[in-house]
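Thanks for coming. I will go through one structure today, mostly its helix packing, ring pairs and charge pairs. Please have a look at it first.

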Amino acid sequence: MTLLSGSLIFYAYGELRYLPLLLLSIAVNYFFGLHVGRREQYRTEAAEAETGLEGRIRTNRVKTKLNKRRRNVFIVAILYNVGMLAAFKYGKGGAYLPLGISFYTFQILSYLIDVYRGEQRKELSFLRFATYISMFPQLLSGPIVHYGEVRKEIISREFTAKGLQEGLKVFTLGLAAKVLLADRVGLLWQEVQVTGFESISTPLAWLAAAAYSLKIYFDFYGYSLMAMGLGRMLGFTLPENFRNPYMATSVRDFYRRWHMTLGRWFRENVYIPLGGNRKGEYRTVCHLLAVWFLTSVWHGSTVNFLVWGMLLWLAIVTERQLEALGVTRVLDRGPGKLLSRLYVWAYIPITWVCFAVTDIGQLQVFLGRMFHLIPGIRVSPGDWHKALTNYGMLFLAGAIASTPFLQKLFRRFKDSWILMILLAVLFWVCVWRLQREGQNPFMYLGF
């Protein structure tokens with residue numbers, strides 16, 4: 001009850017006017033879950049006790065009727081939740097969304113689908129179900145958690161000094177990633193927007209794309225670490241959401257490492273049910289198209305998100321064909337691996353630009369400047385050199401933090417007093433930055 005109350009107060013502090021919507025979603029889906037759950041074994045005990053052909057016929061009729069009812073309720077539940085999400089994303093052009101609606105809706109759908117499939121027992125306790133949906137560490141931006149991953153801990157968990165200490169360490173790392181890296185390097189992207197895309201040089205366009213790539217990574221990765229840290233403090237073990245995506249050697253590999261719980265959701269609930277890669281290459285390509293189309297529209301209603309998703313789909317399909325030809329085996333070794341990473345480091349920032357710039361006309365201008373396809377207007381000579389001078393150290397810090405190096409150091413020395421002092425300093429530097437510069441919301445709160 002304490003965790004539920006605290007989570008609802010936390011949500012109300014951020015967006016009081018949409019608290020009733022969250023409560024409505026919890027209440028409605030709790031009852032959906034009760035009716036979607038497998039209940040035929042209880043309702044047919046008497047019929048199964050009968051012997052003979054007539055008893056078996058009556059049993060089968062009851063089961064068929066109950067399964068049909070469950071299926072109908074399940075369909076209504078899916079339509080209700082998807083409809084609510086679509087109404088806010090597309091009803092007013094997606095201009096303003098309730099905090100966390102995309103994430104808690106997907107978490108609700110995950111629960112309902114698991115219950116319908118019989119992979120998870122329905123939750124009879126309204127309190128536990130409401131706690132699962134509204135748990136504040138991951139309510140606003142994930143990770144998207146299966147109910148089975150936290151059910152035992154919701155029922156009974158331990159608050160320990162060690163858990164509090166370990167969680168605070170991870171939380172501090174996430175806070176530093178957000179405040180000291182994402183917010184700082186993201187200033188270059190803001191400066192370029194103020195300058196105007198038509199007035200930047202080609203090198204500065206690439207630097208700005210790289211800055212936005214680092215900004216969105218450390219912003220979202222920082223949030224995920226903070227959620228994991230808070231969860232650990234409360235006695236929960238939340239799933240990992242990022243695994244060094246910029247160490248990937250392909251776009252397909254990148255998105256196996258990026259926002260992994262969302263990728264898992266689409267894989268389990270869209271890609272595999274459609275047939276996955278079990279029905280031939282043509283069908284596989286179509287299934288991937290469906291996944292990336294839905295991923296695009298989940299992120300936003302403007303055309304730029306569709307461009308972003310289709311570029312990723314095209315890259316992944318192309319990589320699959322090259323893999324079938326044996327080309328990727330050559331690129332997995334020696335210099336080929338470096339070339340593969342360079343390809344990812346070049347292609348991913350291009351896609352992030354498509355993600356960031358919602359106006360298609362301005363997107364064309366920016367891409368035109370990136371590839372020097374359109375002439376610049378009043379471009380300042382050496383603008384890229386100035387940007388590199390101001391942000392070079394942040395780029396270097398971001399590059400190092402994108403590798404497993406710092407994570408290995410953390411795991412090795414996490415119990416040393418030197419690291420504890422360093423984390424304490426980082427924490428208070430972040431607090432000072434927040435106090436000095438004001439609130440800078442997480443980017444994914446808008447999705």
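To start with, is Phe126 buried, partly exposed or exposed? This is a predicted model, so everything I quote is computed from it. Phe126 has a relative accessibility of 38%, so it counts as partly exposed.

Now its partner. A search of the whole structure gives 42 aromatic pairs. In one of them, the rings of Tyr30 and Phe126 have centres 5.1 Å apart and planes at 85°, so this pair is edge-to-face. Tyr30 sits in helix α2 and Phe126 in helix α7, so to speak distant parts of the chain, 96 residues apart. Unlike Phe126, which is partly exposed, Tyr30 is buried, at 10% relative accessible area.

A second pair is Trp189 with Tyr212, at 5.1 Å centre to centre and 50° between the planes, which is tilted. Here the link runs from helix α10 (residues 161-195) to helix α11, across 23 residues. Both Trp189 and Tyr212 are buried. There is also a charge over a ring: Lys89 lies over the face of Trp298, 5.9 Å from the ring centre.

Next, helix α1, residues 2-15. What span should its 14 residues have? At 1.5 Å a residue the expected value is 20 Å, and the end C-alpha atoms are 20 Å apart, which agrees. Its buried residues are Leu3, Leu4, Ser7, Leu8, Tyr11, Ala12 and Glu15. An α-helix has 3.6 residues a turn, so positions three or four apart point the same way. The cover over the buried residues of α1 includes α2 and α7, the two helices that hold Tyr30 and Phe126. Also included are α6, α8 and α11.

On to charges. The count is 13 salt bridges. Lys414 and Glu166 form one of them, at 3.7 Å from N to O. Lys414 is in the loop between α20 and α21, Glu166 is in helix α10, and 248 residues separate them. Lys414 is partly exposed at 28% relative accessibility, whereas Glu166 is buried at 11%. These two belong to a salt-bridge network with Lys169 and Asp415.

Which parts does the bridge between Arg252 and Glu323 tie together? Arg252 lies in helix α12 and Glu323 in helix α15, so the pair joins parts 71 residues apart in sequence. The N to O distance is 2.6 Å. Arg252 is buried at 18%, and Glu323 is partly exposed at 39%.

That is the end of my part.

Methods
Residues numbered from 1 in each chain as written. Predicted model: local features only at pLDDT ≥ 70, side-chain atom pairs only at ≥ 80, totals over all residues. Heavy atoms only, no water. Helix = DSSP H or I, 4+ residues; strand = E, 2+ residues; numbered from the N terminus. Expected span 1.5 Å × (residues − 1). Buried < 20%, exposed > 50% of the residue type's maximum accessible area, 1.4 Å probe, protein only. Contact = heavy atoms within 4.5 Å. Phe/Tyr/Trp six-rings, centres within 6.5 Å; stacked < 30°, edge-to-face > 60°. Lys NZ or Arg CZ within 6 Å of the ring centre and 35° of its normal. Salt bridge = Lys/Arg side-chain N within 4 Å of Asp/Glu carboxyl O.
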